[in-house]
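Dear colleague,

I am passing on the structure we spoke about, together with some notes on it. Please have it open while you read, since the notes go from one part of the chain to another.

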Amino acid sequence: MSGHVTGAVAALADELPRWVSLLRAPNPGPMTLDGTNTWVLRAPAAESGIVIDPGPADEGHLTRIAEHGPVGLILITHGHPDHTEGAARLSELLGGVHVLAVDPAHTIGGEPLTEPGEHFGGFGLHISLLQTPGHTADSVCFLVEHGDERVVLTGDTILGRGTTVVAHPDGHLGDYLSSLELLSAYRGIPALPGHGPALADCAAAADFYLAHRRARLDQVRAAVAAGAYTPADVVATVYADVDRSLWWAAEWSVRAQLEYLGVDTGESAPGVSGLEHM
């Protein structure tokens with residue numbers, strides 16, 4: 001559990017409900033895996049569907065999403081550009097469909113998502129908002145139910161492959177651990193992540209992430225005790241098995257870990273923007 005995780009952290013989902021479709025954006029890379037997952041949910045016989053995370057501002061991708069219309073609502077799991085950059089254009093392509101997010105900057109035509117447990121209806125689906133900050137301050141997940149079928153849309157809180165970064169200073173490790181504990185209650189329910197393949201069990205993935213994070217914290221404690229005083233020093237010790245080209249992303253997680261442990265590095269935090277998974 002102490003090494004860098006690059007594979008699936010739980011069993012892959014054998015199949016998904018027929019009302020779930022995946023449209024993957026053409027933006028693969030070290031930070032986005034195979035590309036950003038856009039999920040389209042349409043209940044049987046429902047007039048309109050729902051889009052989760054439009055993805056980047058790629059006209060071909062957005063056109064492909066629009067072809068799955070009509071769409072009645074666009075939901076955002078968090079504000080990173082690879083999930084939100086195409087939202088305004090997709091809303092336009094769909095005739096002004098509302099976009100709902102925690103951050104007002106990514107909300108179009110409606111009110112920001114603020115109420116834990118908030119419910120959405122009217123699309124033949126029952127959607128509950130799960131407040132899951134940590135990866136970013138505005139991260140949320142969505143529990144979606146139709147009949148006896150349920151899925152959890154996890155954004156970047158849980159990925160289909162590998163582990164996610166805590167994007168310090170916007171992200172917070174204490175919040176992230178609490179969010180994983182919340183998601184560990186959704187036993188046997190598929191997780192539809194923002195990147196990578198769908199997982200069969202949201203709770204199993206959350207349990208793995210919790211164990212992995214706690215093991216990392218033990219490694220960071222040991223590194224600090226051995227004289228690693230700066231985030232860069234800790235990265236070189238704890239993330240030695242990670243390709244050096246990704247150490248900049250690992251440093252964000254390390255800063256979050258050091259903050260969680262109450263270690264004062266005496267350094268100011270770097271700005272955070274863009275995409276990151278670690």
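What covers the buried residues of α4? The cover includes three strands, β7 (126-131), β8 (140-146) and β9 (149-155), and also the helices α5 (202-225) and α7 (247-261). The residues of α4 that are buried are Leu173, Gly174, Tyr176, Leu177, Ser179, Leu180 and Leu183. Please keep in mind throughout that this is a predicted model.

For the chain as a whole, seven helices and ten strands were assigned. The radius of gyration is 18 Å, which agrees with the value near 19 Å that a compact globule of 278 residues would have, and the C-alpha trace spans about 60 × 35 × 30 Å along its principal axes. Of the 278 residues, 53% are buried, and the accessible surface comes to about 10900 Å², with 51% of that area belonging to carbon and sulfur atoms. When contacts between residues at least 6 apart in sequence are considered, 61% of them join residues that are at least 24 apart. The chain carries 14 positive and 34 negative charges, and the mean positions of the two sets are 6 Å apart.

As for annotation, an unreviewed UniProt entry places the feature "domain: Metallo-beta-lactamase" at residues 35-195. Over that stretch the model is 19% helix and 25% strand, and the C-alpha atoms at its two ends are 6 Å apart.

Some points of the backbone deserve a look when you go through the loops. Most residues other than glycine have a negative phi, and most peptide bonds are trans. Against that background, a cis peptide bond joins glycine 69 and proline 70, with omega at about 0 degrees, and proline 70 is placed in the loop between α1 (59-66) and β4 (71-75). Another cis peptide bond, with omega at about 5 degrees, joins histidine 168 and proline 169, and here the proline is found in the loop that runs between β9 and α4.

Positive phi values occur at leucine 33 and alanine 45, although neither is a glycine: the angle is about 55 degrees at leucine 33 and about 70 degrees at alanine 45. Leucine 33 lies in the loop between β1 (20-24) and β2 (37-41), while alanine 45 belongs to the loop between β2 and β3 (49-52). Alanine 45 counts as exposed because its relative accessibility is 86%, where the cut-off for exposed is over 50%.

Two further residues may help you to find your way around. Alanine 185 lies in the loop between α4 (173-183) and β10 (191-193), and its relative accessible area of 60% makes this residue exposed. Alanine 185 is 136 residues from glycine 49 in sequence, and the C-alpha atoms of the two are 27 Å apart in space. Phenylalanine 208, by contrast, lies in helix α5 and is partly exposed, because its relative accessible area is 23% and the buried class ends under 20%. From phenylalanine 208 to alanine 198 there are ten residues in sequence and 15 Å in space, C-alpha to C-alpha.

With best wishes

Note on methods. Residues are numbered from 1 along each chain as its sequence is written. This is a predicted model: local features need pLDDT of at least 70, side-chain atom pairs count only at pLDDT 80 or more; totals for chains, interfaces and linings use all residues. Side-chain values use heavy atoms; hydrogens and water are left out. Helices (H or I, at least four residues) and strands (E, at least two) are DSSP runs, numbered from the N terminus. The radius of gyration is taken over C-alpha atoms; the globule rule is 2.2 Å times the number of residues to the power 0.38. Buried means under 20% relative accessible area, exposed over 50%, partly exposed in between (1.4 Å probe, protein chains only). Contact means heavy atoms within 4.5 Å. Accessible areas come from the Shrake-Rupley method with a 1.4 Å probe; for residues, only the protein chains shown count as cover. Lys and Arg count as positive and Asp and Glu as negative; His and the chain ends are not counted. The place of a charge is taken as NZ of Lys, CZ of Arg, CG of Asp or CD of Glu. UniProt positions are given in the numbering used here, feature names are shortened, and annotations may be inferred rather than shown by experiment.
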